[in-house]
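Trainee: I'd like a close look at the contact between the two chains in this model, please. Start with the salt bridges, and then take me through whatever surrounds them.

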Amino acid sequence: MLLKGHDIRDLLFKRDGDPVNWLVISPILDLEGQLEDGCASIDLRLSTAFVVPVRSSVDRLDPQDESYTINKALYMDEVIVPIGEHFVLHPRQFALGQTLEWIHLPLDLSGYVAGRSTWGRDGLIIATATGVHPGWSGPLTLELTNVGEIPILLYPGLTYVQLFLHQTTKIEKLQEGDRSQFMGTTRPVSGKPHKRDLEMIRRWQPS
Amino acid sequence: MALKGSLIDTVLEAARERCEALEKEATRFENRRFPSQGPRILLNLVRRTNDAIKGSLRAIAEDTELRELLTPEQFELKVYRHTEFLPYLHWLLSFLQGAEVYDTPYALIPPLRRFLRKCLADSEVIFSSQHELNYSFFEVAENIRRLYENAGEEKFKELVKEFPSNFIAITFPSVETNHVLLHCMIAHEIGHGIFVRDKLHEKLFPLVRIDHIEITRFARHVTKPEHPKSQLELLPTELQVRQSLTKKINDSIDGWLNELCSDAIGLCLFGPAYYFAFLNFIVSFHYFDKTALTHPAPRLRLRLLSEMIADGDSTETLGYAPYFDDNVSRLYESWKKEASTERELGDPLYRIVSQAVTPLLKMIANTAIESSKELIYKTEQFNKTDELCRLLVNVIPPVELVRTHGAEREITDLVSVLNAGWQVYLSSMEEFAKNLRLDSSKNGPESKERLLQILLKSVELLETITRWKEVQIAIKGTRH
């Protein structure tokens, strides 16, 4: 079931029992503006940290390569843009951003993030794979791309994305290692593929 | 005349080169991002001063009449009146070097600046990371004003007219940039500012009782006529030794009072968070009885802090101890016991200083509490941090507390967040790591790193909420 605005509002103010079962979206700077009862999502703001790819001596990103993580670090630069200033996303440029808000989902909610259509119409594509799993805690990383022909100025503090929340079957308990790669990270970071899968593909022989 | 002319040109040319290099460096900083206004204010002063020097040097170079009128000495002095600023401008730029958003815990700077301005009204501040395992405090405005006003040139006086009346530079160790909990040491640095502002030296120094008999005994020991006669003439007299010792002891007492008072003020401002940061920082690279002319031994500093933290309703205690959880209580009690153990210092000079200062610990605590007044981190506030710890352990930034009645959100404060952070750091890291669901192999350093990140994010969010409200009020104000 997709939660409506007033359902989200009720959950945001429900603080019974174990915090693991709380829905936390913090801070909501303008509750009325970000969460309308008639809508089925809550608007989220852009944070101040960006990560951008830079041209460097790194020749490729190969997840099978041992230096994959190091290469990614060399390939990405962090840019801090305080609220009040702007970040320029050039045509066809890719950058990672983050929501200003910290999101903590209970064990019976999941969500997904979509760019607000206001910006999509300008050529800004946000979020290509941002499913949010039950029990997640942290800001959400946003994948930003400008598919238009002229630079787009991004202002931290403005609402760029919307979070849809779904009721799911309740997970009783999260285990060590469950979706934890990015839990509690506060910078837009890129991830690592599953080791098991990489091993499988490496050993794969044509039948 | 020819020689005079060529020397002058060399001096002017060399000075102009220095200015051009400085200008280049200042331009480099112009394009950087800083987390608060302080660095820009300082950069602006450096640029304008450099421009003024360059302008003056050009004018001097072009003024042929002046060359004829002045003697070489007068001319040299005229040029020096301008170039004497150059080394100082370099020193000011050194603070900018570590002040960029990438060199600082940038999210912590705006709320820290806000906090500092509550303590020292009308102050501007620059936080700068330096490659030094140290936190330091410099009040630069007074020096700048003195230098500019004594320069004898009207334009330099003009330059500092709009400069803040207090401008503070606080440095912190660059390799610890993200250790937001360690940066509670900055409370001690703010203490230095309050020590100067309230002239606490004048309140405390008259109460110091120096053991002059001990000084005399020591002076006699140093000058006793056991040496061969031929060497005796080379040795200082007893009186000279006494004078020099007394001066050293007075200077040392000055330093110790300043440090101890700043510790006590740091505790008043940041509560137990300062105490834990002090412990974590100081014991990591000092031995417990390491004493210096400027700084008392950690043992004495810790004794003062432990006594102030203890339970009690006297005017020199803050009484946080009863609110510690079991783990923190055990840690506190063992450090308190260690700090209260008397150890005689080996160096007779430090022994005399210690004997003079130690009886004043209660008075120092009292004076610090009196000076901190409305800014004291109260036990009621500290008691509430339990609720914040519960959030933090569950990987939720302790920024907003929802009060179910009326759906109100209560915003927490910087110091409470830091105190909650320390308690989790000391007591609940296992539970925190479990909630992060990290692989067990990553539990140690990785979970600590994430805790520090969440705390940094928390203070960033706190500042965003505060600024949002301020701007809302400002907009409402302009509409009316």
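Mentor: Happy to. Let's fix one term before we start: a salt bridge here is a side-chain nitrogen of Lys or Arg within 4 Å of a carboxyl oxygen of Asp or Glu. Keep in mind, too, that this is a predicted model. With that rule, a search of the whole structure gives 32 salt bridges over all chains.

Now to the contact itself. On the chain A side, 48 residues are in contact with 32 residues of chain B. Together the two chains bury about 3,400 Å², and 55% of that lies on carbon and sulfur atoms. How many salt bridges does the rule find across the interface of chain A and chain B? It finds one. The partners are Glu85(A) and Arg33(B), whose closest N and O atoms are 2.8 Å apart. Polar contacts add to the picture: twelve residue pairs between chain A and chain B are in polar contact, both residues being at pLDDT 80 or more. On the side of chain A that touches chain B, the elements giving two or more residues are β1, β4 (76–80) and β7 of chain A. By residue type, that side divides into 22 nonpolar, 16 polar and ten charged.

One residue worth zooming in on is Ser47(A). You will find Ser47(A) in the loop between β2 (42–45) and β3 (49–53) of chain A. Is Ser47(A) buried or exposed? Its relative accessible area is 2%, so Ser47(A) is buried, the limit for that being under 20%. The side chain of Ser47(A) makes a polar contact of 3.5 Å with the side chain of Lys457(B). Setting aside neighbours within four places in sequence, the contacts of Ser47(A) come from both chains: Gln98(A), Thr99(A), Leu100(A) and Pro156(A) on one hand, Lys457(B) and Glu460(B) on the other.

Next, follow β1 and β7 of chain A back from the interface into their sheet. They belong to an open sheet of three strands, ordered β1-β7-β11 (chain A), with antiparallel pairing. Why is one side of β1 (24–26) and of β11 (137–138) of chain A left without a neighbour in the sheet? Both strands stand at the edges and each has a single partner strand, so nothing in the sheet flanks the other side. Between β1(A) and β7 (residues 102–104) of chain A there are three bridges, and the two strands run antiparallel. Within that pairing, Ile25(A) stands opposite Ile103(A) in β7(A). As background, strands of a sheet pair through backbone hydrogen bonds, either parallel or antiparallel.

Another strand of chain A, β8 (residues 109–115), pairs antiparallel with β14 (residues 159–167) of chain A over seven bridges. There Gly115(A) has Val161(A) in β14(A) as its bridge partner. Two bridges also join β8(A) to β10 (residues 131–132) of chain A, again with the strands running antiparallel. In that pairing Tyr112(A) is matched with Gly131(A) of β10(A).

Let's finish with salt bridges inside chain B. Glu17(B) and Arg18(B) meet through their side chains at 3.5 Å, N to O. Glu17(B) counts as partly exposed because its relative accessibility is 43%, and Arg18(B), at 43%, counts as partly exposed too. The side chains of Glu30(B) and Arg47(B) form a salt bridge at 2.9 Å, N to O. This pair links distant parts of the chain, with Glu30(B) in helix α1 (residues 2–30) of chain B and Arg47(B) in helix α2 (residues 38–62) of chain B, 17 residues apart. Glu30(B) is partly exposed at 34% relative accessible area, and Arg47(B) is partly exposed at 22%.

Glu214(B) and Arg217(B) make a further salt bridge, 2.7 Å from N to O. These two residues lie three apart in helix α11 (residues 212–223) of chain B, so about one helical turn separates them. Glu214(B) counts as buried because its relative accessibility is 18%. Finally, salt bridges with shared partners tie Arg114(B), Glu463(B), Arg467(B) and Glu470(B) into one network.

Definitions and conventions:
Residues numbered from 1 in each chain as written. Chains lettered and ligands numbered in written order. Predicted model: local features only at pLDDT ≥ 70, side-chain atom pairs only at ≥ 80, totals over all residues. Heavy atoms only, no water. Pairing = 2+ DSSP bridges. Helix = DSSP H or I, 4+ residues; strand = E, 2+ residues; numbered from the N terminus. Contact = heavy atoms within 4.5 Å. Buried area = accessible area lost by both parts, 1.4 Å probe. Polar contact = N/O pair within 3.5 Å; in protein donor to acceptor, adjacent residues only side chain to side chain. Nonpolar A, V, L, I, M, F, W, Y, C, P; charged D, E, K, R; others polar. Buried < 20%, exposed > 50% of the residue type's maximum accessible area, 1.4 Å probe, protein only.
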